[in-house]
Amino acid sequence: MAGVVDALTPKHKGSGRYGDAGSAKRTALLALRSWARVEFSLNRIWNSTSTRIMIDLHYWPTPNGKKLTILLEECGIDYTVIYCEIGRGAQFEDEFLRISPNNRMPAIVDHDPRDNGKPLSVFESGACMMYLAEKTGQFGGSGQREKWEVYQWVMWQMANQGPKIGERGHFARLKDSQGDQSYALRRFNDEVHRLYGVMNNRLYDRRYLAGDNYTIADMACYPWSVGWEAQGIDINEFKYVKRWLCELAQRPALKRGMDVGSEMRQDHSQLSEKEVSHIISLLYNQRARPAPEHGGLLE
Ligand SMILES: N[C@@H](CCC(=O)N[C@@H](CS)C(=O)NCC(=O)O)C(=O)O
């Protein structure tokens, strides 16, 4: 149910994505893809009674982004993908920072919030998932006990699995360009291994992370767990996780969610040294953005 559409939301008119145009090759690729987008958006306008798709998803095809495309596909609700190309600094644009002040994607904007008020934005993938689960009444657990099982495992993912695997990847990618990384690598390799163990013990006697039902907890963990090989993990060591991964991989909506935007991903090995160092300068060693000098609650 994904539409890469900008015609419906005037503020995104033009490209439907943040970031500059990129290389000629990429621009040509995007032009080709725009056929599909235009066709999709016209169909959408002609076929719908309302001219607004309810959920905008600010997205780039990474594991954190895919949590939400999986959920939106599973819920079967319409959403508009607005590409936030993090390798080109789209996450630092003012328009995006108003939605997601932590300069990270994903984030959502609900144009039809329950209180009928102005559009409501949510950042942090876990919070977005909880919001959508509550809005749709799906995949968030039912009853107090199941709901809190779900929330605990979503929080576990957000505070542990995502950050630790992310840091492991960061130090592994450095290789020896910044000096000896062996301690950092050992630290995060061990943590990642430990976390697979946590999931394995959990899934030993439960079909899904929160119990008998497939929920946002599984959708949050799946896109991170599916990359076990690149994370230096032998999945055969974690056979209950393997069983869970194999079962989830059969779900058509999950597959669709995992595929959203796959054509946008860049093969970094094809980039020039200059392009790679530009990406590194954007993503590594970020420091605080200055707040306005005057006003606020000080005066
Ligand atoms: N805890 C955040 C993490 C999001 C996150 O780290 N997003 C990355 C891509 S996976 C990002 O936007 N990075 C941009 C940057 O590092 O400037 C969430 O789960 O939403």
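In the predicted model, helix α5 passes helix α7 in a left-handed crossing. The two helices, α5 spanning residues 143-174 and α7 spanning residues 216-225, pack at an angle of about 15°, and their axes lie 8 Å apart. The helices α5 and α7 are therefore roughly parallel to each other, since angles under 35 degrees are counted in that class. On the α5 side, the contact is made by Val-150, Trp-153, Val-154, Gln-157, Gln-161, Gly-162 and Ile-165. The α7 side contributes Ile-216, Ala-217, Ala-220, Cys-221 and Trp-224. By class, the contact of α5 with α7 comprises nine nonpolar and three polar residues, with no charged residue.

Helix α5 also packs against helix α4, which covers residues 125-136. Here the angle is about 155° and the axes are 9 Å apart. Because angles over 145 degrees count as roughly antiparallel, α4 is assigned that orientation relative to α5. The crossing of α4 and α5 is right-handed, whereas that of α5 and α7 is left-handed. Helix α4 enters the contact through Gly-126, Met-129 and Met-130, and α5 through Tyr-151, Val-154, Met-155, Gln-157 and Met-158. This contact consists of six nonpolar and two polar residues and, again, no charged ones. Val-154 and Gln-157 of α5 appear both in the contact with α4 and in the contact with α7.

Strand pairing was examined next. Strand β3 (residues 55-59) and strand β5 (residues 107-110) run antiparallel and are joined by four bridges. Within this pairing, Asp-56 has Val-109 of β5 as its bridge partner. Strand β5 is also paired in the antiparallel sense with strand β6 (residues 120-123), again over four bridges. Val-109 stands opposite Ser-121 of β6. Val-109 thus has a partner in the pairing of β5 with β3, namely Asp-56, and a residue opposite in β6, namely Ser-121.

The surroundings of the ligand were considered last. The shell contains 13 residues, of which Thr-62, Asn-64, Ile-86, Arg-104 and Ser-125 come nearest to the ligand. Divided by class, the shell holds five nonpolar, six polar and two charged residues. Charged residues are thus present around the ligand, in contrast to the contact of α5 with α7 and the contact of α4 with α5, where none is found. Ser-125, one of the nearest residues to the ligand, belongs to helix α4, which covers residues 125-136.

Note on methods. Residues numbered from 1 in each chain as written. Predicted model: local features only at pLDDT ≥ 70, side-chain atom pairs only at ≥ 80, totals over all residues. Near = placed C-beta within 6 Å. Nonpolar A, V, L, I, M, F, W, Y, C, P; charged D, E, K, R; others polar. Axes fitted to C-alpha atoms, helices over the stretch in contact; angles between N-to-C directions. Parallel < 35°, antiparallel > 145°, perpendicular 65-115°, else oblique. Left-handed = near helix turned anticlockwise from the far one by under 90°. Contact = placed C-beta atoms within 7 Å. Pairing = 2+ DSSP bridges.
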